[in-house]
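Good morning, and thank you for making time for this item. I would ask you to keep the sequence and the structure in view while I speak.

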Amino acid sequence: MRNEQQVFDAIFHMISDCDNIRAAYMNGSRANPNAAKDELHDYDIAFSVKDIKPFVNDRSWLERLGEVAIMQEPDRIDKALGENVDIDKSYTFLILFKDWVRIDLHIELTDITKLTYGSDSLTIPLIDKDGILKPIASSSDATYRVKAPTEELYSGCCNEFFWCLNNMAKGIARKQLPYAMFMYNSIVHPMLIKLMCWRCSMEHGFDISLGISGKYLEKYLPDKEFDMLKATYPSGSYDELWRAADAAITLFSYEAKLVAGRLGFEYNEAWENAIKDYMAYIKAHYPLKGGMLVRNLTEADKIEICSWRYPGEYSIYNLPPYEEMAKSKRGFADPCKAKNYYGFIDSGVLVGFVNILEEEKEVFIGIGIKPELCDKHYGRRILDEAYKISKKLYPGKPLYLEVRTWNKRAVKCYQSAGYTTDGEPYELTTSIGRGEFYRMVKK
């Protein structure tokens, strides 16, 4: 790949030799003093010319910039699609050369330059043969900095996020994956990114640029929140889309309340509750067919599990808030143990999880089921899947689990999955208290 000096030499030689070109300037990331430079940055160049037709009608001039690998002409495409474009006033060539240098070359009449030059704060003048380029401020990313939202803009972002989730849900129910993915990826998720940009700017000041689609968010977000953001990106399945949407709602709710509190806005929780109820209806009445999705727990999963509440005597299994779990590095909140925990997704719902912990001679199994799904046969299904995972990871090692003797429902479930009682009951103190346990094993 040519270096920057070599590319500019080719550009400047062309400008100097071509009388039609009267001025030139540069926009984009290479004009941004705050952007880290690398060889993959495009060269966003603008030529101010007397006549555009010679550039459009005869392409031989392209050879002076390099050997073209692939090129796009967006104005020609837009015109073919019926868009109102005037290619006699301006024209753009997006060019990738065979040495992988990319130049986005915008060509415009000098009259257009006089009207628009400097409207983009990322602008550096290159050549001006006739004094066309008026004096402008030094190039900066001021145009692209995140601006504090008004309450109306904030409310609109929240409404768009929650409202369009109903379209995504309908797409899943009707088995229209391209439509459902479009609604989520192109409409819903950008609202989450917009919110995250506001949140970062509140922390770091509304004088930072986070780039198109929040591409610099990782630089500013706490690691935990960026992990939560990563969980909002789905792969190509209905289960994954449900999972990602649930993760997005969890993160959006957290961030939206934070933004509202800091800026004195009102968060409309009724919208969130309404779309959650609607999605629950769709999941229940239009179940996906096939097996459960199995994956390591995401941050959103962990937060959800900590919110599960078991009734009556089973309340002993209720976990503290995730923040407390993370602070004490307990269970799945311990980064060193997180790889042992697997979540099970059915029709987009996190139905349960397991802990598969290798020991010296055995493998310990711990299991949790979503409270309202107990007695729905998920325990047996999850234990069967956990057995397969364990045998693949740790072949030859038997599995065991420990269960409180009063928990007849769990004992029955474990027996149905092939576990048998090993020895007499014994006293044991765990993280949730002391009790009498059975040890149950499966070869």
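C158 is buried, at a relative accessible area of 3%. I should say at once that this is a predicted model. C158 takes part in no disulfide, and the nearest cysteine sulfur, that of C157, lies 5.5 Å away. A disulfide requires the two sulfur atoms to be within 2.5 Å, so a separation of 5.5 Å does not qualify.

C306 is buried too, with a relative accessible area of 5%. How far is the sulfur of C306 from the closest cysteine sulfur? The distance is 16 Å, to C374, which is too far for a bond. For the model as a whole, the count of disulfides comes to zero.

Let me turn to charged pairs. Side chains of opposite charge can pair when their charged atoms come close. Searching the whole structure gives 35 salt bridges, and I shall discuss a few of them.

In one, the side chains of E4 and R30 meet with an N to O distance of 2.8 Å. This pair connects distant parts of the chain, 26 residues apart: E4 belongs to helix α1, residues 4–17, whereas R30 sits in the loop between β1 (21–27) and β2 (43–49). Are these partners buried or exposed? E4 is partly exposed, with a relative accessible area of 38%, while R30 counts as buried at 9%.

A second salt bridge joins D104 to R102, with the closest N and O atoms 2.7 Å apart. Here the acidic partner, D104, is buried at 11% relative accessible area, and R102 is partly exposed at 32%.

A third salt bridge is formed by K276 and E272, whose closest N and O atoms are 2.9 Å apart. Both residues lie in helix α10, residues 269–285, and they are four residues apart, about one turn of the helix. An α-helix has 3.6 residues a turn, so residues three or four places apart point the same way. In terms of accessibility, K276 is partly exposed, with a relative accessible area of 39%, and E272 is buried, at 4%.

Beyond these pairs, there is a network of salt bridges that links R199, E203, E225, E255 and R262.

One member of that network, E225, brings us to helix α8, which spans residues 223–230. Which residues of helix α8 are buried? They are E225, F226, M228 and L229. Viewed down the axis of α8, these buried residues fall within an arc of 155 degrees, so they line one face of the helix. The elements that cover the buried residues of α8 include α6 (177–204), α7 (217–220), α9 (238–263) and α11 (299–307).

Finally, the surface. M1, L40 and W100 make a nonpolar patch of about 370 Å². Where does W100 lie? W100 is located in the loop between β4 (90–97) and β5 (102–109). Its relative accessible area is 53%, so W100 is classed as exposed.

To draw the points together: the count of disulfides is zero, and the salt bridges number 35. The buried residues of α8 line one face of that helix, and M1, L40 and W100 form a nonpolar patch at the surface. Thank you; I would be glad to take questions.

How values were computed: Residues are numbered from 1 along each chain as its sequence is written. This is a predicted model: local features need pLDDT of at least 70, side-chain atom pairs count only at pLDDT 80 or more; totals for chains, interfaces and linings use all residues. Side-chain values use heavy atoms; hydrogens and water are left out. Buried means under 20% relative accessible area, exposed over 50%, partly exposed in between (1.4 Å probe, protein chains only). Helices (H or I, at least four residues) and strands (E, at least two) are DSSP runs, numbered from the N terminus. The arc is that of the directions from the helix axis to the C-beta atoms. Contact means heavy atoms within 4.5 Å. Patches are made of residues with over 30% relative accessible area and no salt bridge: like charges are joined within 9 Å, nonpolar side chains (Val, Leu, Ile, Met, Phe, Trp, Tyr) within 5 Å. Accessible areas come from the Shrake-Rupley method with a 1.4 Å probe; for residues, only the protein chains shown count as cover. A salt bridge is a side-chain nitrogen of Lys or Arg within 4 Å of a carboxyl oxygen of Asp or Glu.
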